[in-house]
Amino acid sequence: MDDLGRSLAGDDDMVMMGGGNPGYIPDFQKILKKRLTEIIANDDIFHNLTGVYDPPQGNLRFIESCAALLRKEYSWDVGPENICLTNGSQSGFFILFNLFAGEFEDGSVRQIRLPLAPEYIGYNDLGLREDFFIATKPRIDYLEDRMFKYRVDFDQLEIGEETGAICVSRPTNPTGNVITDQEVTRLLEISKEHDIPLILDNAYGVPFPGIIYSKATPMWDQNIIKCLSLSKIGLPAARTGIIVAREEIIQAVTAMNAIMFLAPGSMGAMLADSLVRSGEIIELGKKMIRPFYQEKSRKAITCVQRELEGTPYKVHRPEGSMFLWLWFENLPISSLELYERLKKNGVLVVSGHYFFPGIPSEWKHTRECIRLTYSQNDDDVARGIKVIGEEIKRVYQDG
Ligand code: PLP
């Protein structure tokens with residue numbers, strides 16, 4: 001975390017390919033500036049932005065706009081009672097995970113089931129007790145052009161009393177995987193059989209910001225807890241997470257909001273309300289946000305194929321988000337050591353071993369992978385991948 005803060009603050013010449021900060025999209029900035037100007041021009045609205053607590057559920061006008069959009073676009077049977085805001089989806093996950101897992105009053109202990117790991121690094125320390133996650137290793141499909149894809153291994157997914165909820169990010173951070181509609185449907189069936197919720201983390205996904213390059217239907221029903229965020233569309237500093245779930249879950253999260261924060265912040269809701277109310281947020285995703293990242297992904301893959309040529313690398317097929325997941329089979333050093341060496345050479349990536357909560361560390365993918373982010377400046381990304389290529393060649397030659 002120290003690395004990420006330091007480099008984003010522009011303190012040094014590091015090539016920053018480590019964090020999950022969204023890229024800079026000038027046209028989106030223009031939209032935000034225009035909205036801010038409108039807010040500042042109106043004393044009442046400006047006062048609401050800065051001088052009034054929202055209720056613990058979050059800004060009600062924005063919540064109504066979200067419900068109306070989801071009903072209109074996707075026919076989801078949701079009203080404002082099915083939606084609440086959190087201070088970033090990260091704090092929403094803290095609340096949800098500890099609501100459904102941990103130690104309960106009757107002495108039982110439940111865990112969060114990750115049907116597929118690698119999974120989002122930010123889940124790792126969210127549990128209020130040890131052994132919070134159980135995860136299942138994926139099946140691997142080997143594809144053309146040195147690509148591969150992780151799939152949920154339903155044969156290994158044995159769920160019992162110990163599981164309090166299933167959670168999966170779609171697209172997945174760190175791999176850029178997008179689990180298929182069929183996989184989601186099957187996970188939903190399993191969650192219903194066991195009377196536990198399926199938490200879908202759509203921080204990068206549909207309906208917005210829509211950073212998905214493959215096909216993915218936005219799904220919701222009473223058994224799904226859908227977590228959205230305004231961060232990756234370009235508002236990470238506003239810290240706005242959106243949870244869509246059945247009413248009693250929303251009430252529980254709202255109560256936790258009141259205890260922990262009094263109220264979620266209003267900034268994201270007020271900046272994005274007109275985009276959501278008009279439905280423009282979905283169009284922006286399709287026409288501005290997704291093309292921006294898809295083009296970056298294409299360029300990053302071209303660099304990988306050029307700079308890593310001659311090494312036994314593989315790359316997860318990029319289907320969404322802003323990451324490439326590189327797998328170096330039989331890497332002579334650990335991915336953590338590779339991270340250290342790259343850092344010495346001025347490139348920050350994230351060692352893959354952090355992304356396997358609930359998976360035993362003897363699985364080779366936990367030692368042989370790194371995640372890199374392609375959301376920042378293209379020249380820097382190209383420079384970073386060149387350095388990775390040079391280091392990887394040295395590692396395979398000399399250890
Ligand atoms: N989920 C995933 C998969 C993420 O990558 C992130 C942030 O990087 C989050 C959730 C949390 O996002 P935020 O708290 O900014 O909404």
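**Close-up 1. The surroundings of F132 in this predicted model.** Skip the neighbours within four places in sequence, and F132 is in contact with F97, N98, A101, G102, Q111, I112 and G127. As for where F132 sits, look in the loop between strand 4 (109–114) and strand 5 (133–135). Is F132 buried or exposed? With a relative accessible area of 5%, F132 counts as buried, because buried means under 20%. For a sense of distance, try L70: 62 residues separate L70 and F132 along the chain, and their C-alpha atoms are 32 Å apart.

**Close-up 2. The shell around the ligand.** Here we move over to the ligand, which has 14 residues around it. Coming nearest are S89, D201, Y204, S229 and S231. Sorted by class, the shell is made up of 7 polar, 4 nonpolar and 3 charged residues. Which helix gives the most to this shell? That's helix 5, with 4 residues. Helix 5 covers 88–100, and helix 7 (231–234) also supplies at least two residues.

**Close-up 3. Polar side chains meeting ligand oxygen atoms.** Start with S229, where an N or O atom of the side chain is 2.7 Å from an oxygen atom of the ligand. For N173, a polar side-chain atom lies 2.8 Å from a ligand oxygen atom. R239 joins in as well, with a side-chain N or O atom 2.8 Å from an oxygen atom of the ligand. How much of the ligand's accessible area does the protein cover? On its own the ligand has 400 Å² of it, and the protein covers 93%.

Notes. Residues are numbered from 1 along each chain as its sequence is written. This is a predicted model: local features need pLDDT of at least 70, side-chain atom pairs count only at pLDDT 80 or more; totals for chains, interfaces and linings use all residues. Side-chain values use heavy atoms; hydrogens and water are left out. A residue is near a molecule or strand if one of its heavy atoms lies within 4 Å of it. A polar contact is a pair of N or O atoms within 3.5 Å; within protein, one must be able to donate a hydrogen and the other to accept it, and residues adjacent in sequence count only if both atoms are side-chain atoms. Accessible areas come from the Shrake-Rupley method with a 1.4 Å probe; for residues, only the protein chains shown count as cover. Ala, Val, Leu, Ile, Met, Phe, Trp, Tyr, Cys and Pro count as nonpolar, Asp, Glu, Lys and Arg as charged, and the others, Gly among them, as polar. Buried means under 20% relative accessible area, exposed over 50%, partly exposed in between (1.4 Å probe, protein chains only). Contact means heavy atoms within 4.5 Å.
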